[in-house]
Each structure stands twice: as structure tokens, then as C-alpha cells.
Amino acid sequence: MKQIIAMGGGGFSMEPDNLALDQYILDQSKKTSPKILFLPTASGDAEGYIKRFYDAFNSLPCIPTHLSLFKPPVRDLEGFILDHDIVYVGGGNTKSMLALWREWGVDRILRKGYEDGIIMSGLSAGSICWFDSGVTDSFGDELDIVHGLGFIEGSHSPHYDGETERRPAFHSFIKQGLIPEGYGADDGAALHFVDGKLTRVLTSRPQASAYRVDIKDKVISEKKLDCDYLIGELPKGVKP
């Protein structure tokens with residue numbers, strides 16, 4: 001079974017007091033203490049980000065590890081990556097992350113791991129990367145298009161409610177035929193795909209949603225998807 005859990009935002013990166021989505025990812029492994037590998041490439045392997053990963057996942061039932069492409073722990077990256085149950089990709093610059101992955105062959109290794117049943121997950125850049133294409137702020141001045149790994153057909157935009165320009169940019173790119181139809185996900189919403197098909201939408205915030213965005217006769221349609229709210233400790237400032 002091939003699984004991808006793509007978060008529009010949330011998880012330990014954005015909700016350190018609400019690890020419901022992170023726990024959900026761990027639960028899908030069906031192991032008591034799964035080995036989870038964090039790829040912080042998109043952040044430039046920021047030390048603070050890596051520390052927050054360990055702070056969060058050391059409090060959960062798992063064995064956390066990270067992979068730095070700036071300070072590789074081993075020469076055999078394939079063996080290192082494939083010796084895990086879950087891959088969790090962090091946020092940051094999607095374009096730069098994908099470029100580094102392709103240079104190091106990580107894209108090929110992730111494809112092999114995905115086909116072999118390693119759960120792939122992540123947020124923001126770590127969400128866009130699994131799709132054919134998506135909306136990114138990697139270029140700095142304005143939102144643009146980035147082409148992902150293509151593990152999931154279609155396009156994707158994270159931070160659908162968190163950044164005001166995301167939704168209109170996503171609609172515009174689809175309408176222009178620059179990217180295919182796809183999915184938008186709010187901060188705190190996760191899309192769970194099994195064998196390439198969307199099977200469930202989870203949220204860590206009661207108001208978070210995800211959407212299927214299509215086009216017909218040059219008119220964009222947006223369908224709000226059914227969501228399951230994972231009841232847990234809410235982040236500060238968020239009310240149920």
C-alpha cells in the first residue's frame with residue numbers, strides 16, 4: 001500500500017502544542033514505534049527547525065532521525081532513507097529542495113521507498129512536492145509554479161486560508177492551463193492518499209478545510225471536501 005499524507009500547514013512546524021496530525025501520520029505505520037525520517041532540505045537544514053522536530057517527535061511514540069544534505073551522515077543515502085517507516089518533509093523553498101534532491105538522487109530514492117510502502121508525508125514544500133505541480137513562493141517576489149515529483153496526479157496549493165494570494169493564484173494558474181486541476185488545503189488540513197487516491201481529509205483545527213478545484217468551460221469550480229477533525233489540544237488562540 002502506497003501512502004502520502006500532504007498537509008497544507010500545521011503539524012509541529014506551526015502547531016507545537018497540537019501534534020494531532022503528526023500523531024495521525026505515525027498511526028498509519030501500524031508499528032508501535034515507527035522510524036520516522038525528517039527531511040529539512042527546504043529550510044536549508046535550519047538547525048532550529050531540526051531541533052523543533054526532535055522536541056516534538058521525542059514526545060511521541062517513534063524513533064526520530066533527520067537527513068542533512070549539507071552534512072550527510074553516510075555515503076549510502078539510499079540505504080539510510082529506505083531504513084525508515086515514514087518520511088516527513090518540512091517546509092521552506094520547494095524549488096531549491098527539489099533541485100538538491102535531484103542532484104543527490106533523493107527523488108529517485110523516495111520514489112523507490114514510496115513504491116515499497118514507506119509512508120511519505122510533509123507540509124507546505126513537503127506537501128507540494130508529491131504532486132505533479134503546485135503553487136510556491138520559492139521565487140521570492142510573487143507566487144509561481146513549481147513541478148513536483150508526480151507521485152500524485154494533479155496540482156496542489158498549501159496554506160489555502162493562511163496566505164491571501166494562494167487561492168486566487170491557484171485558480172488563475174489552473175484557468176490559464178498552466179497546471180492541472182487539483183487540491184487546495186488550509187493550514188491544519190491534511191490530505192491522505194492511498195495508492196494515488198484521496199481517501200480521507202484530516203484537520204487539527206475545527207475550521208480548517210480542503211478543496212477539490214476543477215475547471216469546466218473555463219470556469220473554476222471549488223468543492224469543499226468532507227473533513228474529519230482530530231480532537232486534541234488546540235494551539236493557542238484557536239477556539240473549537
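A residue is called buried here if its relative accessible area is under 20%. With that cut-off in mind, the tour of this predicted model may begin.

Select first helix 2, residues 20-27. Six of its eight residues are buried, so the helix is largely enclosed by the rest of the structure. To display the buried positions, choose Ala20, Leu21, Asp22, Tyr24, Ile25 and Leu26.

Turn next to the open sheet, in which six strands follow the order 7-6-8-9-12-13 with mixed pairing. Strand 7 (144-147) and strand 13 (219-224) form its edges; each has a single partner strand, so one side of each lacks a neighbour in the sheet. From one strand to the next, the twist averages 25 degrees.

Within the sheet, select strand 9 (residues 182-185) together with strand 12 (residues 210-216): four bridges join them in the antiparallel sense. Glycine 182 can be found there, opposite valine 213 in strand 12.

Now add the helices that pack on the sheet. Helix 5 (residues 94-104) touches strand 6 (131-136) and strand 7, and its direction makes about 20 degrees with that of strand 7. Helix 8 (residues 166-175) touches strand 6, strand 7, strand 8 (152-157), strand 9, strand 12 and strand 13. The direction of helix 8 makes about 30 degrees with that of strand 12.

Finally, colour the chain by pLDDT. The mean is 94, and 96% of the residues reach 70 or more. Over residues 233-240, however, pLDDT stays under 50, and the model has 14 contacts beyond four places in sequence for this stretch. Predicted coordinates should not be read in detail where pLDDT is low.

Methods: Residues numbered from 1 in each chain as written. Predicted model: local features only at pLDDT ≥ 70, side-chain atom pairs only at ≥ 80, totals over all residues. Heavy atoms only, no water. Pairing = 2+ DSSP bridges. Helix = DSSP H or I, 4+ residues; strand = E, 2+ residues; numbered from the N terminus. Axes fitted to C-alpha atoms, helices over the stretch in contact; angles between N-to-C directions. Contact = heavy atoms within 4.5 Å. Buried < 20%, exposed > 50% of the residue type's maximum accessible area, 1.4 Å probe, protein only. pLDDT = per-residue confidence, 0-100.
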